[in-house]
2 protein chains.
Amino acid sequence: MSDFTPTSRTKVRQKPQRGVYERAAIYSILDEAFVCQIGFVLDGQPYVMPTNYVRVGDRLFLHGSTASRMFRALAGGAALCLSVTLIDGLVLAPSATGHSINYRSVVVLGKAEVIEDAKEKFEAMHAFVERVIPGRWESVRPPGEQELKGTMVLAVPLAEVSAKVRTGPPVDDEQEYIREVWTGVLPLQLTPQEPVADPRGKAGIPVPGYVRNYSRR
Amino acid sequence: MSDFTPTSRTKVRQKPQRGVYERAAIYSILDEAFVCQIGFVLDGQPYVMPTNYVRVGDRLFLHGSTASRMFRALAGGAALCLSVTLIDGLVLAPSATGHSINYRSVVVLGKAEVIEDAKEKFEAMHAFVERVIPGRWESVRPPGEQELKGTMVLAVPLAEVSAKVRTGPPVDDEQEYIREVWTGVLPLQLTPQEPVADPRGKAGIPVPGYVRNYSRR
């Protein structure tokens, strides 16, 4: 499993020390998040839209309506930029300009391929459920033929990819540390809260362990 | 404070019932988040990059290096799409295709204006610190003249804007509810964790209340 080669389009130029091109590190970010932002161009205007994704092997799968403007553009071969960002914390420095944000972000450039094969679409739907909520699939009604037909599934190959990551404490110059001020990091994490039962749900069914113990890490 | 008028570019077409155009509701989303994704076009290729922003009145402020490719493109008048997404939960339905994500997302189209005036830049820097970490500004060293010169501050007017919001339980048809499966919502929230003191920080300074009790809501 070779690492990514930075291109002129994915090489991290601002603060290059934050650039990450190792495949395993990038896949770990892609597997913790499950919402990406997709940039595409229509009539010269850039658009950015959030959407669910999952990684399977060296591809990201997307799904959407066959009527969606974005999915139609992507299916037509439009160039895309797919961005994933995890916010990890606030960095509190002695100086105002030393303040920062700890984050892990991935950018993927390329084009999407339409998945037409029903079996491959079904496997992608399995991944959308099972990789967002591991353990869920076996309890739900699987998608039928008509549902598969109405859903567009796209695959984005992970070829031109890089990540940018900031971790750790402030990096202000030593001379800034004369101030009597608390400095450090306030970590932030997307955290599950108490599950909310469906008002239409069946009575007496306990919250499953995969919901009760849900974690993205 | 008038609401936004959907344009052909910002009107929510997929699941239009999720479209939100009320200014107060949109500002509440913009004020809870602090990282946006900016889409812009270079040589026909869309790029999407995460960056910090704050809202001040009817504008969003951005800051970056004067050497940044994105900031230079935006300063040159490139069309942009700014996207903000808050992930609120996982929606667990009886059917696989009924699964969804609760979210609040905002899209802003337009162009950025360069803030040149030193006083206005200083006020933007104040907002970057104080709106991301309320209470922090008075303890830190404010930016000096050189720091202000090295930082590009852009303002994006909030004119062509819409939001898309999904809330609540699954919406599967009643007939799906024959399955013996837990359904409902697992709320997710970006949550502060235990503060991590700076190894170079002064000893004996307690964690301030604005860190200890940090909340975006």
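## A shared surface

The two copies in this predicted model meet through the same surface, because 99% of the interface residues of chain A are also interface residues in chain B. In total, 81 residues of chain A are in contact with 80 residues of chain B.

Several elements of chain A build its side of this interface. Each of the following supplies at least two residues: strands S2 (35–42), S3 (45–56), S5 (80–92), S6 (100–110), S10 (184–192) and S11 (196–197), along with helix H3 (118–132). S10(A) gives the largest share, nine residues. By class, the side of chain A that touches chain B holds 47 nonpolar residues, 22 polar ones and 12 charged ones.

## Strands across the interface

S10(A) also takes part in a pairing between the chains. Its partner is strand S11 of chain B, residues 196–197. The two strands run in the antiparallel sense and pair over two bridges. One residue to look for is A:Gly184, whose bridge partner in S11(B) is B:Ala197.

## The symmetry

How does one chain map onto the other? A turn of 180 degrees, with a shift of 0.0 Å along the axis, lays chain A on chain B. The RMSD of that fit is 0.0 Å. This is the relation of a two-fold axis.

Which C-alpha of chain A is nearest the axis? That of A:Leu190, 2.0 Å from the axis. A:Leu190 falls within the residue range of S10(A), 184–192.

## An unusual backbone angle

Most residues other than glycine have a negative phi. A:Lys15 has a positive value, near 50 degrees. This lysine sits in the segment before strand S1 (19–20) of chain A. A:Lys15 is exposed, because 12 other C-beta atoms lie within 10 Å, and a residue counts as exposed at 12 or fewer.

Chain B has a lysine to set beside it. Phi of B:Lys15 is likewise positive and near 50 degrees. B:Lys15 lies in the segment before strand S1 (19–20) of chain B. Is B:Lys15 buried or exposed? B:Lys15 is exposed, with 12 other C-beta atoms within 10 Å.

## Confidence

The mean pLDDT of chain A is 97. In that chain, 100% of the residues reach 70 or more. For the model, ipTM is 0.97 and pTM is 0.97.

Key. Residues numbered from 1 in each chain as written. Chains lettered and ligands numbered in written order. Predicted model: local features only at pLDDT ≥ 70, side-chain atom pairs only at ≥ 80, totals over all residues. Contact = placed C-beta atoms within 7 Å. Helix = DSSP H or I, 4+ residues; strand = E, 2+ residues; numbered from the N terminus. Nonpolar A, V, L, I, M, F, W, Y, C, P; charged D, E, K, R; others polar. Pairing = 2+ DSSP bridges. Least-squares fit on C-alpha atoms with pLDDT ≥ 70 in both. pLDDT = per-residue confidence, 0-100. Buried ≥ 20, exposed ≤ 12 C-beta atoms within 10 Å, placed from the backbone.
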